Each structure stands twice: as C-alpha cells, then as structure tokens.
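User: I have a model open and a few questions about it. Keep the answers short, please.

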Amino acid sequence: RRCPLVQAEALKTARTPKLPLQPFTNKMASAPGGGIQQVYERNQEATIYVGNLDPKIDEEVLWELMVQCGPVANIHLPRDKITQQHQGYGFVEFKNEEDSDYTIKIMNMIRLFGKPIRCNKSSQDKKTSEVGANLFIGNLEPEVDEKMLYDTFSAFGVLLFAKVMRDPDTGASRGFGFISYDTFEASDAALAGMNGQFLCNRPISVSYAYKKETKGERHGSAAERLIAANRPANAIGGGALAAAPGRGGMQALPPGMPPAPGMGQGPPPGMPRM
C-alpha cells in the first residue's frame with residue numbers, strides 16, 4: 001500500500017499542467033524577473049547578428065538553420081509592436097564562442113528564401129563603418145553569387161558587405177557587383193591581386209567604385225584615404241592604412257599603385273555609382 005504522502009504528491013503532479021517547451025523564446029521576455037539584467041547575462045562574444053532576413057523566416061526556421069553549426073542558447077528577432085512582423089534582422093546566441101565563429105564562416109551570404117543573409121559578430125556590428133574602400137567587380141559569370149564573391153575577396157581583409165546586382169523582376173545577376181572593406185590596405189591588395197583574374201572561367205574587372213552624387217569621382221582618392229587614416233581605430237573596427245604624407249598634405253597612394261582610373265570622367269553608360 002502506498003504512503004498517503006506519496007499518493008498526495010503523485011496526485012498533485014498529475015493535476016499540474018505541463019508547459020510546452022519553447023526553445024525559440026527571447027530570454028529577456030521569458031526569464032522570471034526579466035528586464036535589463038538579461039542583457040548583461042547574454043554572452044556577446046558568442047552572439048552573432050543575422051541580417052537581410054526574408055519576412056517568411058521565423059525563430060524556428062532560423063534555429064533549424066543555425067543549430068547545424070552548434071548548440072544554440074537563444075534566438076531573438078525584434079518585431080514590430082503592431083504588426084508583429086520581424087524587422088529583417090535578429091540575434092543568435094550560441095553556447096560557446098567557437099560555434100559562433102564557425103557559423104559566421106559557414107553561413108554568411110547563404111541564400112535563404114532567395115536572399116543572402118549577413119552574419120557577423122553582434123559585438124562588432126556597430127563598430128564597423130565604411131571608409132570608402134568600395135570596389136566595383138565587373139564581368140561576373142551568372143553563377144557567381146554573394147557568397148562566392150564574399151569568400152573570394154575576404155582573403156584580402158575584413159569585408160563589410162558583398163553584393164551582386166540583380167534584375168528586380170527575375171533575380172538574375174546583372175554581371176557586376178560591389179564589395180566594401182574596412183581599410184584601404186585591404187581594398188588595394190584586392191585590386192592588385194584580383195583585377196583580370198579568372199572567376200568561374202571568366203576574367204573579372206576590379207576597380208574603385210564611383211561615388212554617389214559626384215561627377216565621375218571614384219572611391220580611393222588621396223583625400224578619402226587621409227580622412228580614413230585620421231579616424232579613430234575603433235570607429236572603423238580595426239584601424240586604417242597608416243598615413244603617408246604626399247603633396248599638399250594628402251596621403252600618398254601605395255607604392256606601385258596608379259591613381260584610381262577614371263578620375264574626372266563619368267562612369268560608363270548603365271554603370272551605377274556606389
């Protein structure tokens with residue numbers, strides 16, 4: 001015969017409803033006592049920022065994708081308070097930093113619902129900003145996508161973005177794209193090393209992109225380099241090319257590198273500015 005105390009505990013347990021498991025909830029909202037404390041408890045070094053997300057992606061889809069790289073501790077997609085639609089980006093916290101670093105290498109620029117997602121460390125997302133080290137990549141094979149472009153050019157330095165221009169109706173590549181580095185040192189190395197090289201059996205052209213709202217001026221000018229060199233190192237997420245005084249106090253171009261082509265001339269017909 002069972003002890004009355006054991007019977008009472010068993011009856012209490014049977015009557016207690018079981019809460020459904022919710023592995024995709026936000027810690028800040030779900031933790032008891034919640035609030036600001038949860039922000040500091042999150043491991044920022046193990047958390048990655050995921051951007052350019054399609055509206056069809058939810059926490060479960062993102063979890064199923066990211067868990068292939070390692071154990072996921074938390075996923076948060078900021079949502080509009082009225083429509084409850086996510087805002088195109090989110091944060092994924094892994095249980096260790098090694099898995100987050102691995103995920104960035106593997107998942108960055110993977111196409112999800114037709115859109116290449118962007119992955120990088122969330123702790124660095126607000127520290128990086130463009131310095132003007134923007135390159136135009138032309139004569140691309142149709143099969144070259146954002147991930148291939150990113151993987152090819154990331155060997156020369158830290159890429160802030162890699163974008164293949166596409167037809168808005170069909171989504172097909174228009175045969176050119178743009179990349180941006182965090183320093184001119186990296187963009188100079190990419191220009192010298194990749195211009196005229198073959199990518200998918202076709203020689204690509206690499207040059208500094210035209211600036212927006214200018215009359216044929218390209219990125220990579222001496223004035224732009226001087227501004228970048230004088231910026232605080234933490235403002236560009238890793239420092240700029242060391243200043244080398246040239247004429248009129250402007251920074252000189254790297255040894256052996258010719259002036260940016262097309263100075264004072266407009267871009268070719270149909271070529272956009274960057």
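User: Is F91 buried or exposed?

Analyst: This is a predicted model. The cut-off for buried is under 20% relative accessible area. F91 has 19% relative accessibility, so F91 counts as buried.

User: Which residues do ring pairs link into a cluster with F91?

Analyst: Y49 and F91 form an edge-to-face pair, with 65° between the planes and 5.9 Å centre to centre. Y49 and Y89 also pair, but stacked, at 6.0 Å and 25°. Ring pairs thus link F91 into a cluster with Y49 and Y89.

User: How many residues apart are Y49 and Y89?

Analyst: Y49 belongs to strand 1 (residues 47-51). Y89 belongs to strand 3 (residues 89-94). The pair links distant parts of the chain, and the two are apart by 40 residues.

User: Which strands stand at the edges of the open four-stranded sheet?

Analyst: The sheet order is 8-9-7-10, with antiparallel pairing. Each edge strand has a single partner strand, so one side of each is left without a neighbour in the sheet. These are strand 8 (159-166) and strand 10 (205-208).

User: What is the bridge partner of V164 in strand 9?

Analyst: Strand 8 pairs with strand 9 (residues 173-181) in the antiparallel sense, over six bridges. In strand 9, the partner of V164 is G177.

User: At about what angle does helix 7 run to strand 10?

Analyst: Helix 7 spans residues 184-194. Helix 7 lies across strand 7, strand 9 and strand 10. Its angle to strand 10 is about 150°.

How values were computed
Residues numbered from 1 in each chain as written. Predicted model: local features only at pLDDT ≥ 70, side-chain atom pairs only at ≥ 80, totals over all residues. Heavy atoms only, no water. Pairing = 2+ DSSP bridges. Contact = heavy atoms within 4.5 Å. Axes fitted to C-alpha atoms, helices over the stretch in contact; angles between N-to-C directions. Phe/Tyr/Trp six-rings, centres within 6.5 Å; stacked < 30°, edge-to-face > 60°. Buried < 20%, exposed > 50% of the residue type's maximum accessible area, 1.4 Å probe, protein only.
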